[in-house]
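Work through the exercises below with the sequence and the coordinates at hand. Each task is followed by its solution in steps.

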Amino acid sequence: PDKNWIRKDLNHRGVSMLSSLTNKLDEYDSEEFLVQQLISPYLIGNKMFDIGLYVIVTSIRPLRAYALHDVLIRMCEDDYTTHDPN
């Protein structure tokens, strides 16, 4: 099945869409980046958003985690539409 992918640099800037992972990753061999599969996003008012939150886990058993109080929330200006690689 066809899958769509998002490629981001490590600062989450320079986001680009990939319709296939083959041949595309070789173009970026000199940079560090993140690739993730594009899934159906949660939307607020038909707009995509993301939430940035820093958490450190210091213990698993018992679970002990600390979250930074500052949170980053970003919303797109444009309405969400599905990506058509054609």
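**Exercise 1. Locate Asn46 and describe its backbone and its exposure.**

Step 1. Asn46 is found in the loop between S4 and S5. The model is a predicted one.

Step 2. Its phi is near 65°, a positive value in a residue other than glycine.

Step 3. The relative accessibility of Asn46 is 36%, so Asn46 counts as partly exposed. The class runs between the cut-offs of 20% and 50%.

Step 4. S4 and S5 form a hairpin with two residues between them. Gly45 in the turn also has a positive phi, of about 60°.

**Exercise 2. Which residues stand opposite each other where S4 meets S5, and how many bridges pair these strands?**

Step 1. S4 pairs with strand S5 (residues 47-59) in the antiparallel sense, over two bridges.

Step 2. Ile44 stands opposite Lys47 in S5.

Step 3. Leu43 stands opposite Met48 in S5.

**Exercise 3. Extend the pairing to S6 and give the strand order of the open sheet.**

Step 1. S5 and S6 are antiparallel and pair over nine bridges. Asp50 stands opposite Arg74 in S6.

Step 2. The connection from S5 to S6 is a hairpin of four residues. Pro62 lies in this loop between S5 and S6, and the peptide bond from Arg61 to Pro62 is cis, with omega near -5°.

Step 3. The result is an open sheet of three strands in the order S4-S5-S6, with antiparallel pairing.

Step 4. Strand S4 (43-44) and strand S6 (64-75) each have a single partner strand and stand at the edges, so one side of each is left without a neighbour in the sheet.

**Exercise 4. Is His69 buried or exposed, and how far in space is His69 from Leu53?**

Step 1. His69 has its place in strand S6.

Step 2. Its relative accessibility is 77%, so His69 counts as exposed. The cut-off for this class is over 50%.

Step 3. His69 and Leu53 are 16 residues apart in sequence, and their C-alpha atoms are 8.3 Å apart in space.

**Exercise 5. Repeat the analysis for Ser40.**

Step 1. Ser40 is found in the loop between S3 and S4.

Step 2. At 70% relative accessibility, Ser40 is classed as exposed.

Step 3. Thr82 is 42 residues from Ser40 in sequence, while the C-alpha to C-alpha distance is 8.8 Å.

**Exercise 6. Describe the strand pairing and burial of S1.**

Step 1. S1 and strand S2 (residues 16-18) run antiparallel and are joined by three bridges. The bridge partner of Ile6 in S2 is Met17.

Step 2. S1 also pairs with S3 in the antiparallel sense, over five bridges. Here Trp5 stands opposite Gln37 in S3.

Step 3. S1 is mostly covered, with four of its five residues buried.

**Exercise 7. What is the volume of the largest pocket, and which residues are closest to its centre?**

Step 1. The volume of the largest pocket is about 770 Å³.

Step 2. The lining has 24 residues, of which Ile6, Leu38, Pro41, Met48 and Phe49 are the closest to the centre.

Step 3. Strand S1 (5-9), strand S3 (33-37), S5 and S6 are the elements that give two or more residues to this lining. The largest share, three residues, comes from S5.

Step 4. By residue type, the lining of the largest pocket divides into 12 nonpolar, seven polar and five charged residues.

Step 5. Two of these central residues return from earlier tasks: Ile6 is the bridge partner of Met17, and Met48 stands opposite Leu43.

**Exercise 8. Summarise the chain as a whole: how many helices and strands does the chain have, and what share of its residues is buried?**

Step 1. The chain has zero helices and six strands. Its pattern along the sequence is β-β-β-β-β-β.

Step 2. Of the 86 residues, 9% count as buried. The accessible surface of the chain is about 7,500 Å², and carbon and sulfur atoms hold 53% of it.

Step 3. Among contacts in the chain with a separation of 6 or more, 43% link residues 24 or more positions apart.

Key: Residues numbered from 1 in each chain as written. Predicted model: local features only at pLDDT ≥ 70, side-chain atom pairs only at ≥ 80, totals over all residues. Heavy atoms only, no water. Pairing = 2+ DSSP bridges. 1 Å grid on protein atoms, 1.4 Å probe; cavity = no way out; pocket = protein on both sides within 12 Å on 5 of 7 lines; lining within 4 Å. Points joined across faces, edges and corners; volume = space filled by probe spheres on them. Nonpolar A, V, L, I, M, F, W, Y, C, P; charged D, E, K, R; others polar. Buried < 20%, exposed > 50% of the residue type's maximum accessible area, 1.4 Å probe, protein only. Contact = heavy atoms within 4.5 Å. Areas by Shrake-Rupley, 256 points an atom, 1.4 Å probe, with all protein chains shown as cover.
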